[in-house]
Amino acid sequence: MDDRVSEAGGSTFWKATDEILARPVAVLTFAPGFPRVHDVVTAARAASRLTDPRLTQVFDADDSGEQAYVVSEWVTGETLEDLLIEGPMEPGRAAAFLLEAAEALASAHAAGQAHLCLTPHNLVWTSGGTVKVTGLGVEAVLAGSTSDAPAAEDTQGLGQLLYAALTGHWCGTDGAQLPIAPSGPDGRPVPPGQLRRGMPQDIDEITCRSLHIPTRGAQEPLNAPSAFVAALKKVPRSPLPFVPLGGSTPGVVSRPDNPPHSHSSTSTSPVDPLSHTVPDAGSSRTQRTSAPPRAPRPAPVRHASGGGGGISMPVLAAIAVGVLILVALGGWGLSRMGGGDGGDGSKDKAGTKTSTSAKPTSQKLTIQAPLAYNRGPHPDGAAPSDLGKATDSSKTSYWTTQHYSSATYGGLRSGIGLVLDMGKTVTVSDVKVLMPAGAPGTVELHIGDSPTSSTPQISTGPASGQFELAGKQAKGRYVMLWFTKLPNIGEFKAKVRDVAVYGTE
């Protein structure tokens, strides 16, 4: 056992090492008296007989001894929820992404097994560039989920995942931190095409049929993963390229309620290995590395025949140069007329321009909402809780992460972010942080228009005690404390008592 990742409801999830094959594995153990141990082990053994590589592979499961356990594949990558942080996917790529998941579930249902707990956390774009569905069978038992119509249940789950990929909104009951999808008069989610312009009609209809949302065509609902697969195979799809570790994730576009943003190419902020985007199928053709087409040759200049009727090329060139010189001299003369600089300021005796506007005064800014940037597929169990305690100015309450085996999260992740949503673009002068004293860690200040660690890095701090991070007049809607190295306060964890942002609106 290398590190305890999470613990809930009497079960504990670990990262461990298979010492025989020298590979990381995931291990699930259970507290004494856990009531559903036998059911979990039975479900895991059933899942181990499935051969589709897009389903999490189970290596071992046993409850015959004092300690019951399930050993399975250790999955690394980005969950669907992670991929949708900056906005929904291009429709063709969303269809390709969900087709992979649907085919995997169709193979499971053909073997008599269902998932019943599909959420954006269970669909992963792996670091090896493949789609993976996690938690088959086991999560349903742990959650106590059952269904009289498992095929219809999982088809609805696939529809909810496709809806999220297309719109960036979640229409399920729980299990995601995405914005909730708006509902129509009948209580059902509004069709994806009402949330996003340019939605292909065929993909919109497939989503609605799987979620039993009425459509104009009145086509039959989809009630089996195999039917979902057959429908998606008929629509145009963008390819999901193989992406090795350090490559790119499926393409995303900005949310309708989150305008696109740009980052400076000279930014020194760290870039997550899976945070780039891939152009959609239409634009990717411009990314080829073949030689550009040649420019067309200019038409030859024909000289007039005869005595003085034509003008030679040298004469034409001389005339052009003369015209350019006259234009340049005329512009210089006009700029000298009036003797001023043409601006709103004035010049002192030495000729230096002075500003007439006063510099805005920095003040404490209002934080609209704190968020957690908590990357999967094994999210921090404590980070999404008690977020308001980081900004309530209380002397006794704290926002914390779970504790880890080392300052580098036991190798589980590159960091965890405490994100402050300012509600609009602000100019940040400095950020004051109050944490318990201990062996320093490292926290980076990121400011930008996206709540992820890909926003520009502005400064760093010790992640211990009371300290300030210089905002350097950076502008953005989101201010993130990105903890790359945990402090040691008796245990390795981030613990924030209060954080305040100063600047101008």
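Start by selecting proline 451, which counts as buried at 15% relative accessibility (buried is under 20% relative accessible area, exposed over 50%, partly exposed in between, with a 1.4 Å probe and protein chains only). Proline 451 sits in the loop between strand E15 (442–448) and strand E16 (457–461); helices (H or I, at least four residues) and strands (E, at least two) are DSSP runs, numbered from the N terminus.

A word on the model before you click on. This is a predicted model, where local features need pLDDT of at least 70 and side-chain atom pairs count only at pLDDT 80 or more, while totals for chains, interfaces and linings use all residues. Residues are numbered from 1 along each chain as its sequence is written, and side-chain values use heavy atoms, with hydrogens and water left out.

Stay on proline 451 and bring up its surroundings. Setting aside neighbours within four places in sequence, proline 451 is in contact with Ile85, Tyr373, Val419, Tyr478 and Met480 (contact means heavy atoms within 4.5 Å). Add valine 479 too: its C-alpha atom is 7.8 Å from that of proline 451, and the two residues are 28 apart along the chain.

**Next: the rings**

Tyr373 was one of those contacts, so keep tyrosine 373 selected and add tryptophan 482. How many aromatic pairs does a search of the whole structure find? There are six (rings of Phe, Tyr and Trp, the last by its six-membered ring, pair if their centres lie within 6.5 Å; planes under 30 degrees apart count as stacked, over 60 as edge-to-face and the rest as tilted). Tyrosine 373 and tryptophan 482 make a tilted pair, with 5.6 Å centre to centre and 35° between the planes. Tyrosine 373 belongs to strand E12 (residues 369–373) and tryptophan 482 to strand E17 (residues 466–485), so the pair ties together parts that are 109 residues apart in sequence. Both partners are covered: tyrosine 373 is buried at 7% relative accessible area, and tryptophan 482 is buried at 3%.

Two other rings have a charge for company (NZ of Lys or CZ of Arg within 6 Å of the ring centre and within 35 degrees of the ring normal). Select arginine 23 and phenylalanine 59: the arginine lies over the face of the ring, 4.0 Å from its centre. Then try lysine 432 and tyrosine 502, where the charged end of the lysine sits over the ring at 4.7 Å from the centre.

**Then: salt bridges**

The whole structure has 15 salt bridges (a side-chain nitrogen of Lys or Arg within 4 Å of a carboxyl oxygen of Asp or Glu). Three stops will do here.

- Arginine 4 and glutamate 7 meet at 3.6 Å, N to O. Arginine 4 is partly exposed at 31% relative accessibility, and glutamate 7 is exposed at 55%.
- Glutamate 100 and arginine 54 have their closest N and O atoms 3.0 Å apart. Glutamate 100 is in helix H3 and arginine 54 in the loop between helix H1 (37–48) and strand E4 (58–62), so this bridge ties together parts 46 residues apart in sequence. Glutamate 100 is partly exposed at 28%, whereas arginine 54 is buried at 18%. Widen the selection to Asp52, Arg54, Glu100, Glu103 and Lys233, which are linked in a network of salt bridges.
- Glutamate 73 and lysine 132 meet at 3.0 Å, N to O. They link distant parts of the chain: glutamate 73 is in strand E5 (residues 69–73) and lysine 132 in strand E8 (residues 131–133), 59 residues apart. Lysine 132 is buried, at 7%.

**Last selection: helix H7**

Select residues 201–211, helix H7, where nine of the 11 residues are buried. What do those buried residues pack against? They pack against helix H3 (91–110), helix H5 (150–167), helix H6 (192–195) and helix H8 (225–232). One of the buried residues is Cys208, with a relative accessible area of 0%. There are zero disulfides in the structure (a pair of cysteine sulfur atoms within 2.5 Å). For cysteine 208, the nearest cysteine sulfur is that of cysteine 171, 9.9 Å away. Right after H7 comes histidine 212, with a positive phi near 60°.

**Zoom out**

With everything shown, the chain comes to nine helices and 19 strands. Buried residues make up 45% of its 505 residues.
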